[in-house]
Protein chains: 4
Amino acid sequence: MESEFKLREEKPPAEMEGCPMAPDGVRRGRPAAGQDPVKRKQILDGARRVFIDMGFDAASMNDITREAGVSKGTIYVYFANKEELFEAIVEEERGSIFNNLYGALQSGDGLRETLINFGMALSFKITCDKVISAQRTVIGVSERMPDLGKRFYERGPMHGHKIFVDFLEAVAKKGLLEMKDISLAAFQFTDLCMAGLFRQCIFAYRSEPPSEEEIRYVVSAGVDLFLKAYGTEKLRRLMGAESD
Amino acid sequence: MESEFKLREEKPPAEMEGCPMAPDGVRRGRPAAGQDPVKRKQILDGARRVFIDMGFDAASMNDITREAGVSKGTIYVYFANKEELFEAIVEEERGSIFNNLYGALQSGDGLRETLINFGMALSFKITCDKVISAQRTVIGVSERMPDLGKRFYERGPMHGHKIFVDFLEAVAKKGLLEMKDISLAAFQFTDLCMAGLFRQCIFAYRSEPPSEEEIRYVVSAGVDLFLKAYGTEKLRRLMGAESD
Amino acid sequence: MESEFKLREEKPPAEMEGCPMAPDGVRRGRPAAGQDPVKRKQILDGARRVFIDMGFDAASMNDITREAGVSKGTIYVYFANKEELFEAIVEEERGSIFNNLYGALQSGDGLRETLINFGMALSFKITCDKVISAQRTVIGVSERMPDLGKRFYERGPMHGHKIFVDFLEAVAKKGLLEMKDISLAAFQFTDLCMAGLFRQCIFAYRSEPPSEEEIRYVVSAGVDLFLKAYGTEKLRRLMGAESD
Amino acid sequence: MESEFKLREEKPPAEMEGCPMAPDGVRRGRPAAGQDPVKRKQILDGARRVFIDMGFDAASMNDITREAGVSKGTIYVYFANKEELFEAIVEEERGSIFNNLYGALQSGDGLRETLINFGMALSFKITCDKVISAQRTVIGVSERMPDLGKRFYERGPMHGHKIFVDFLEAVAKKGLLEMKDISLAAFQFTDLCMAGLFRQCIFAYRSEPPSEEEIRYVVSAGVDLFLKAYGTEKLRRLMGAESD
DNA sequence: GATGAATGAGGGTTCATTCAT
DNA sequence: TATGAATGAACCCTCATTCAT
């Protein structure tokens, strides 16, 4: 991503002399082959829709061409082949799903409220239609492209897991939680927040994503269970005071 | 091919009723079109390997032909088209995964031991290579064939869920557990038993399935959490006595 | 055809000993392979429907199997291959179309009436749905199987043509008609009787065969033309007397 | 391939309007998908040979590919499927057969000569090898694609029929012919001109098309019959004067 | 640099024919 | 003898990729 902008600032290679360039040194006119970020975005936007709706194999480059509104040849300038384009899409999706998912952990609210907010944000995201489709697409190819799935999980859920582990550690330090295995506790928490929901959505057992109320219900129950199991006496005192 | 004769003497499966059969009850002669269970198994076995390795779209009927060792035309005698063959595979897989998964609930053991045994059986099954591959295959098509995914979940995980709910209800009646929402508690339990594992496996973050020790560790922690949250005073007394 | 009956009377070959045979020497039970006229008829009846409805190429042996109610193998006992079966059908159809078509020429009626009756029988036959379909089927393969088309025409229309020529010759001898080229006159007559109709039907320009009134109208006009051109003074006198 | 450039400078056919075109009116660059008239012609030429030689069903797209010298995919850029390609061929053939067939009616010659010339042109055309093959092809599918056959007849023979009816009407107005039913008379005329020939050719009873002499013989006889039946006294006077 | 027409291998499916039963 | 399951070539059509324009 950065390289796009970096390249703009490099001195143009010799064969580019004669290319239109304004006196301010900013190149106008055509970007180098495969370097126009607008076109790249156009391609990715079209490809995302197609790949996520149909899956990797059922998506055809023609479909993508049509959806993106660019020519076949152009796609192959920006991406070596279907697979690389797909990988770029997956990378992008991962970002758009998991970035900004952990902000809830930084509110200064009480622990229970924070956990509920975080749990809901997580559960909402993971079970919403768009994201379920994207995950299906990734899972669908993970047998043949395990590295792709692995990278998706590593930079997505696993990255978030670490953030959450840090959060729990901080809370533990404050003496509000007591967990023998914080990483495991973190996994337990996230899975409690989606109890039953993730698999129901990913297998299309549910045709609609869970409602906000349902998510709140499941997350609340999960948080309660979590706090009952890992909350310290100190936490209980604090919360008792709070609710008074 | 030789196995044909061996198998021929087995009891014919239920769906063969109505086929020509000699008075002695042993079927003679050639089975009806699409009815030879040996050939059918051959096809299903080949197709299973191919579908589960490659996914529905990437699997070609030629691959299946080759893998099954039958001719292209023969497959179309037994199955109307690729999709029906796929559905048969999914149905079969579902059966082989989820049947006999809930026997652990019927041991007369103590509650904790029973839950651990059940949780381990479940977690083992769901995260083993074969089953992960199968689930990927189903998930991969659930966008375009939601009914297939739905049926898989309904007759697989959801069916098991109900069995487990019945179990929990019985235990609750004995006064050992106290749950406001038994169904939710059941989902929490199963997800706690696979805490983190399912998604790590399904996304190929792990290249190996979890070891028995790891599963035991996760399940034990999950059971403890569950019992701490839902166990009654009576249960605690019983367990205390037990562990003395 | 005759061989069927002949074979019945032959001494059964050695390997037939033990076959059921009544004391009167007439074999009961199974006819020799490919010799049972009932089965043959069954096959031909099924094949006729299929071939005539779909044409040679679009007809599948499976369709015929189903329509005839006999097994694939049996068909190949009676007919070496699809083409031979087709030829048998065409032969049969030819017979059923053109046999008994020339009886009208033997009525003792007056010439005009006889010609009208004959023309109508001809025109009716050639333009009725069943026969149009059959002719399309034959014409459709006449490029690739010219002999088949040739034989159809030769033994069908051409045979009838000769009968009609004989008729016209007899009439000419009676001094009622005077034709320089009787064969040409015969062709002219038959084509006048179907003026426009044949091609309209064969190309499906008409979706319905012509009605009896239409045929009568066309045939009457054709006969009038024909008689005006080839009728002698004697004929005119006779007909004048008749209509008085 | 070289011819491409030669032809490129021809006036583009009507259906090319809207294609990118330089201000000088000469189209530059590559034609749009399915729009290159050279390639289209190449495909049609190949397909025509194959379809007309083998009939619709027996013709394979591979055969056409080979005959046309273009790749399979290319055909499908120009034509949606086999049937549409076939329809295009039939349409083309119809045009090439029936266009310019009625010019003979506009010579200023005497009636008899005009009719003979027209009748011969018609008879020649309809019975020549190429056209017989084409008609067989159309007839062969008219059972399953009646609309195609209907359109062929409507825009071909039926269109010509109307032109001929107009001609006869004009002649009748001049008092040279007297026909109660001009349309029927027109059909009678055309069928007299091919008396016996059309069916003999279409059924492959004749392996060779009729010679010019034969056609002249049949047509002359047909015209004579026609004029004898429908000619007025005035016509006879005119013709008598002419032949003196 | 961008285009999209062209490619031809390979997709799912059907078919005439054979031959073990 | 009659059967119909099995065959595998060939069917129509789609596809990722290339390269002349």
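**Chain fold and paired interfaces in a predicted model**

The side chain of A:Ser123 reaches the backbone oxygen of A:Cys193 at 3.1 Å, a polar contact in the sense of a pair of N or O atoms within 3.5 Å, where within protein one atom must be able to donate a hydrogen and the other to accept it, and residues adjacent in sequence count only if both atoms are side-chain atoms. The model is predicted, so local features need pLDDT of at least 70 and side-chain atom pairs count only at pLDDT 80 or more, while totals for chains, interfaces and linings use all residues. Residues are numbered from 1 along each chain as its sequence is written, chains are lettered from A and ligands numbered from 1 in the order in which they are written, and side-chain values use heavy atoms, with hydrogens and water left out.

A:Ser123 is placed in helix 6 of chain A, which spans residues 111-127. Helices (H or I, at least four residues) and strands (E, at least two) are DSSP runs, numbered from the N terminus. Because its relative accessibility is 0%, A:Ser123 counts as buried; the term stands for under 20% relative accessible area, with exposed meaning over 50% and partly exposed the range in between (1.4 Å probe, protein chains only). Not counting residues up to four places away in sequence, A:Ser123 touches A:Cys193, A:Met194, A:Leu197, A:Ile215 and A:Val219, where contact means heavy atoms within 4.5 Å.

A second buried position is found in helix 9 of chain A, which holds A:Phe189. A:Phe189 also counts as buried because its relative accessibility is 0%. Leaving aside neighbours within four places in sequence, its contacts are A:Leu115, A:Phe118, A:Gly119, A:Phe164, A:Val223 and A:Phe226. Of these, A:Phe164 is 25 residues from A:Phe189 in sequence, and the two C-alpha atoms are 9.7 Å apart.

Chain A as a whole contains twelve helices and zero strands. Of its 244 residues, 49% are buried. Among the contacts in chain A that link residues at least 6 apart in sequence, 69% join residues at least 24 apart.

Chain A meets chain B through 47 residues from chain A and 47 residues from chain B. The two chains bury about 4500 Å² between them, 65% of it on carbon and sulfur atoms; buried area is the accessible area (1.4 Å probe) that two parts lose on being put together, summed over both. On the side of chain A, the most area is lost by A:Arg199, A:Phe203 and A:Tyr205, together 19% of what that side buries.

Two salt bridges are counted between chain A and chain B, a salt bridge being a side-chain nitrogen of Lys or Arg within 4 Å of a carboxyl oxygen of Asp or Glu. In one of these, the side chains of A:Arg136 and B:Glu143 meet at 2.7 Å, N to O. Between the two chains, 15 residue pairs are in polar contact, both residues at pLDDT 80 or more. Helix 2 (37-54), helix 7 (129-141), helix 8 (146-173), helix 9 (182-193), helix 10 (197-202) and helix 11 (212-230) of chain A each supply at least two residues of the side that touches chain B. By class, that side has 27 nonpolar, nine polar and eleven charged residues; Ala, Val, Leu, Ile, Met, Phe, Trp, Tyr, Cys and Pro count as nonpolar, Asp, Glu, Lys and Arg as charged, and the others, Gly among them, as polar.

For chain C and chain D, the contact takes 47 residues from each chain. About 4500 Å² is buried between chain C and chain D, with 65% of it on carbon and sulfur atoms. C:Arg199, C:Phe203 and C:Tyr205 supply 19% of the area that chain C buries against chain D, more than any other three residues. The interface of chain C and chain D has two salt bridges, including one between C:Arg136 and D:Glu143 with the closest N and O atoms 2.7 Å apart. Polar contacts between chain C and chain D involve 15 residue pairs, both residues at pLDDT 80 or more.

A turn of 179 degrees with a shift of 0.0 Å along the axis lays chain C on chain D with an RMSD of 0.3 Å, the copies being superposed by least squares on the C-alpha atoms of residues with pLDDT of at least 70 in both. This is the relation of a two-fold axis. In chain C, the C-alpha nearest the axis belongs to C:Gly140, 1.8 Å from it. Of the interface residues of chain C, 100% are also interface residues in chain D, so the copies meet through the same surface.
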